[in-house]
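Me: Could you take me slowly through one part of this structure, and then show me how another part can be read with the same care? I am new to this, so please explain each step as you go.

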Amino acid sequence: MTAGLCSSTRGIQNSSKKAAQWGEAMEPPEEKEGRSFVEVISEKYSPENFPVRRGPGMGVVVVPTAGVQGSPMKDRLNLPSVLVLNCCGISRAGDQAEIAAFCAHVMELDLSHNKLQDWHEISKIVSNIPNLEFLNLSSNPLAGTTLGPQSAEAFSRVRRLVLNNTQIPWDTILQLTRQIPELEELFLCLNEYSSVSASNMTCPTLRLLHINDNSLHDWAEVRKFGSLFPSLDTLVMANNNLASIQDSKDILQRLFPNLRSINLHNSGLNRWEDIEKLNFFPKLEEVRLLGIPLLQTYTNAERRSLMIAQLPSISLLNGSIVTDSEREDAERFFIRYNLDCPEEELPYRYHSLVTKYGKLEPLAEIDLRPRCQAQVEVHCEEKVEQLSIRLDQTVAELKKQLTTVVQLSTNSMRLYYIDKYSAFGPEEMKYNTRALHSYSIQDGDEILVVPKTK
């Protein structure tokens, strides 16, 4: 997603609660048929309700003309260039002349969660906003409506179009893409698409397609996006339960020559062969693949390492940068992980990595946990005894343990530690509160007990 759309989307999300509260407060319960676009902007952006204009300028001033009576417009409206009018009960356009007069500078318009169900009314709004680039119509009841050719032409200047949760028929989507010559980003989430139809007319400008939370299980449907949108850069289709990637290398390279990023979160992929096919997209550098059946049996670390090793061209995995050192560690892990795999079941990537690093030996298992006990020799005058001591105790506690061994009180003994591998002499254990593990005592070392002289 582009930075501009991220910013716009965050702005819409942050303001949606306020807009919803405002819309609910201003809409009388008895108004079943909804309100007009003109009525809503008249109230929301009047100087009384919206006294501060954000952005350049001081609002739009229109001099009232004779003969226009009962207009809901004020003499002055403080309209920003980004209008957020979601959850306002809008069902129709209103006076087109007033829309044109007050919205000429508007560039982004959010009309989500309204009551718009007539494309003709929507086209009246859009056609009178000449600089409109971003339009959000999500969650309007548009499922059973027909888009006429003249209404479709009204959208020709839009570059980013959001139609989530509208259940708009796919044929209407194709009609819109044919009428929008510079469409760059299209959002079609939650529309219950299980199949899509192809078209002889392509949309060569579209770079970003969001089609999350639909029912596109078969790769044969996804394949059509490549033909429809030849410049597609980013394909986001999480939560579609896609079963597999069925095309060959030649077909994927031909259909998706510019695809840079793909999101297949919570798809149904369950074979490593499908992951390997992601390498066939010639420009792919970002992959998102969480929640797929194939990876459920692995730990988080194993999942990431195995994915990185399988995808040598990927620089971003699940939103995190893949560094050179991480890639090398992952590739070495991949070789060792497959050492016991039968020759006929080895993945293709294994052989290329063995060529790169050689056939690596398994890593030695090293227990790095701190030792908790040691077997030492206790020497006191002529007496020698083998003794197991706890290394988490202090010198004072060791002295108590030794009282029964050497028959001396704790105040009557001095202790020395002798490292059997050290060239240095005995080290006096003079600090009663010091822990024994700090001496690095090993099995076979000696503890020398010397009686104190009176």
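Reply: In this predicted model, L415 has V449 of strand β20 as its bridge partner, and that pair is a good place to begin. Strand β18, residues 413-418, pairs with β20 in the antiparallel sense, over six bridges. Strand β20, residues 446-451, is also joined to strand β16, residues 373-380, but here four bridges hold two strands that run parallel. One of the residue pairs to look for is E377 with E446, its bridge partner in β20. When you trace β20 on the screen, you can therefore look for two pairings, an antiparallel one with β18 and a parallel one with β16, since strands count as paired once at least two bridges are found between them.

A helix can be read with the same care, and α12, which covers residues 348-357, has R349, Y350, L353 and Y357 buried. These four residues lie on the same side of α12, because they cover an arc of only 100° around the axis. On the other side of the helix, Y348 and T355 are exposed. If you then ask what lies over the buried residues of α12, the cover includes α9 (272-277), α10 (300-310) and α11 (324-337). Follow the chain just past the end of α12 and you come to G358, which takes a positive phi of about 90°.

Terms used:
Residues are numbered from 1 along each chain as its sequence is written. This is a predicted model: local features need pLDDT of at least 70, side-chain atom pairs count only at pLDDT 80 or more; totals for chains, interfaces and linings use all residues. Side-chain values use heavy atoms; hydrogens and water are left out. Buried means under 20% relative accessible area, exposed over 50%, partly exposed in between (1.4 Å probe, protein chains only). The arc is that of the directions from the helix axis to the C-beta atoms. Contact means heavy atoms within 4.5 Å.
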